[in-house]
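Student: I have a model to go through and would like to talk about how its parts pack. Can you put it up?

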Amino acid sequence: MSSRATISSMSTYAILGCGSVGHSVAEELVERGKDVLIVDKDESRVEALRDQDLNAQAADIRDDEVAELVDERDVVLIMSSDIEANEAAVENIRGRNEDQFVVARASDPVTADELTELGADVVINPSNVIADAALRALESGELEYKARQLADVITASTSKLAILTHDNPDPDSIASAAALRSIAEHLGAEADILYFGDIGHQENRAFVNLLELELTAYDSVDISEYDTVALIDPAKAGELQVGVDVDIYIDHYETEGEVEAEFVDVRPNVSSTSTILTKYIQEFDLSVDQAVATALLYGIRTETLDFRRDTTPADLTAAAYLYPFADHDTLEQVESPNMSPETLDVLAEAITNREVRGSHLVSDAGFIRDRDALAQAAQQLLNLEGITTTAVFGIVDDTIYLAARSKDIRLNIGKVLQDAFTDIGEAAGHSTQASAEIPLGIFTGIESSEENRETLLTLTEEAVKRKLFDAMGVEQETGAQNGG
């Protein structure tokens, strides 16, 4: 077909078939100041339309003369409930004019395909449109209801709200916590963000520092000073390794058991907790702070791998809302931090000690100081040609830490690590990234010392690699390649 005018430039319309659907469309277009011609074979209906000062003519939309009648119109909407008549009208119109924009009504997927093949640009099914509108209204109403519930819990706080992130929080967890603190402040409540573990990954440290996000180590406060506790984006659903009751629980991963909290919002149909908190910011009509907007946008981007992984329409609309408010220069700095000497050493060791079986790579980085360097090494090794899954592990004190990454859609690396190590350690993650912690003594029964470091390393390397490759379903001998 030849090029057509854009919808925004169209000003003349024809509506063929003016039942309840066509009539509603006609009224809306006229209200918008559009030039509308209505064609319907029911003469009494045409007279009634004329009585409403609408431009209407009586004719059977199947007739070829109708195609000639509407030939000069920019847009033709074929809205009859008679689908055979609609098909005839589309065929006649396309026989005369390739440039008109044609919208046709279908009754089911089969007739939709037939109308498309005949040349309709857009095919609609009124029942689907009604269902979609009902679902959107339901989602909007549910969000409004949940926002009221959340506000009730926050405003009931008489001292202070503690917002807890998961161990060694990632950008999604930090951004979501920052957004909830903004909501709490908007509602007149004081809130602190408390984290467990360390903010060790270079990108995460840059993220917190550049955006000047105020976070407090959990161990440095007295949790009894807070009368309300929120758990945001926990790495392991429902598990909190401290003895406090949770009042607010928000996550994008389904929980394995029932969450006991006054307010719970778990949405596995979105890819980040930052998406959920963005929706609440919109619902509360907050003037979003630049740092929080930047954090949320980065949280969505990291969880979706820049919209390449499991991205939903909700993630995209949340990102589109945040985009104008975000500091993109800061985002660029966060995404390109300098690599520390420790990380470089770990990466070099991981490259040297890599073992590849098929498209799966496992490597031992030896004794390390910065366990967050493992995640960066695993991500970097994923760029090697032919590699779809990586796992890099190292020893810190008396613990084996492991980071894994995967772009293999057939493999859930989070489940792989759980299958391999849950019985002897802790594993958490999802389809494309995961981590594990295993007490060193589980494998060796030997206490770590300077004298037995090499022995420990050898025993650990063999055991971890064997369990990983077994969990991945990779043959022990076939296709093994060692680095170095």
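Student: Which strands does helix 2 lie across?
Tutor: Helix 2 (residues 43–51) lies across strand 2 (35–40) and strand 3, and runs at about 165° to strand 3. This is a predicted model: local features need pLDDT of at least 70, side-chain atom pairs count only at pLDDT 80 or more, and totals for chains, interfaces and linings use all residues. Residues are numbered from 1 along each chain as its sequence is written, and side-chain values use heavy atoms, with hydrogens and water left out.

Student: What counts as a helix or strand, and how are the angles taken?
Tutor: Both are DSSP runs numbered from the N terminus: helices are H or I with at least four residues, strands are E with at least two. Axes are lines fitted to C-alpha atoms, for helices over the stretch in contact, and angles run from 0 to 180 degrees between N-to-C directions.

Student: In what order do strands 3, 2, 1, 4, 5 and 6 sit in their open sheet?
Tutor: The order is 3-2-1-4-5-6, with parallel pairing; two strands pair if DSSP finds at least two bridges between them. Strand 3 (56–58) and strand 6 (122–124) are at the edges with a single partner strand each, so one side of each has no neighbour in the sheet. On average, neighbouring strands of this sheet are turned by 15° against each other, direction ignored.

Student: How many bridges join strand 5 to strand 6?
Tutor: Strand 5 (residues 101–105) and strand 6 run parallel and are joined by 3 bridges. Alanine 104 has valine 123 of strand 6 opposite.

Student: Next sheet. Which strands stand at the edges there?
Tutor: That open sheet has 6 strands in the order 9-8-7-10-11-12, again with parallel pairing. Its edges are strand 9 (216–217) and strand 12 (263–266), each with a single partner strand, so each has one side without a neighbour. Further in, strand 7 (residues 161–167) and strand 8 (residues 191–196) pair in the parallel sense over 5 bridges, and leucine 164 has leucine 194 of strand 8 as its bridge partner.

Student: Which strands does helix 6 touch?
Tutor: Helix 6 (residues 126–155) packs on the sheet against strand 10 (228–232), strand 11 (248–251) and strand 12, its direction making about 140° with that of strand 12. Contact here means heavy atoms within 4.5 Å. Helix 9 (residues 273–283) touches strand 10, strand 11 and strand 12 too, at about 120° to the direction of strand 11.

Student: How many aromatic pairs does a search of the whole structure find?
Tutor: It finds 3. Ring centres of Phe, Tyr and Trp (its six-membered ring) must lie within 6.5 Å; planes under 30 degrees apart are stacked, over 60 edge-to-face, the rest tilted. Phenylalanine 263 and tyrosine 280 form an edge-to-face pair, 6.3 Å centre to centre with 65° between the planes. Phenylalanine 263 is in strand 12 and tyrosine 280 in helix 9, so the pair ties together parts 17 residues apart in sequence.

Student: On to helix pairs. At what angle do helix 9 and helix 10 pack?
Tutor: At about 145°, with their axes 8 Å apart. Ser274, Thr275, Leu277, Thr278 and Ile281 of helix 9 meet Val292, Leu296, Gly299 and Ile300 of helix 10.

Student: And where do the axes of helix 10 and helix 12 come, and at what angle do they cross?
Tutor: Helix 10 (residues 290–303) and helix 12 (residues 328–335) have axes that come within 10 Å and cross at roughly 45°. On the helix 10 side the contact is made by Thr294, Leu297, Tyr298 and Arg301, and on the helix 12 side by His328, Leu331, Val334 and Glu335.
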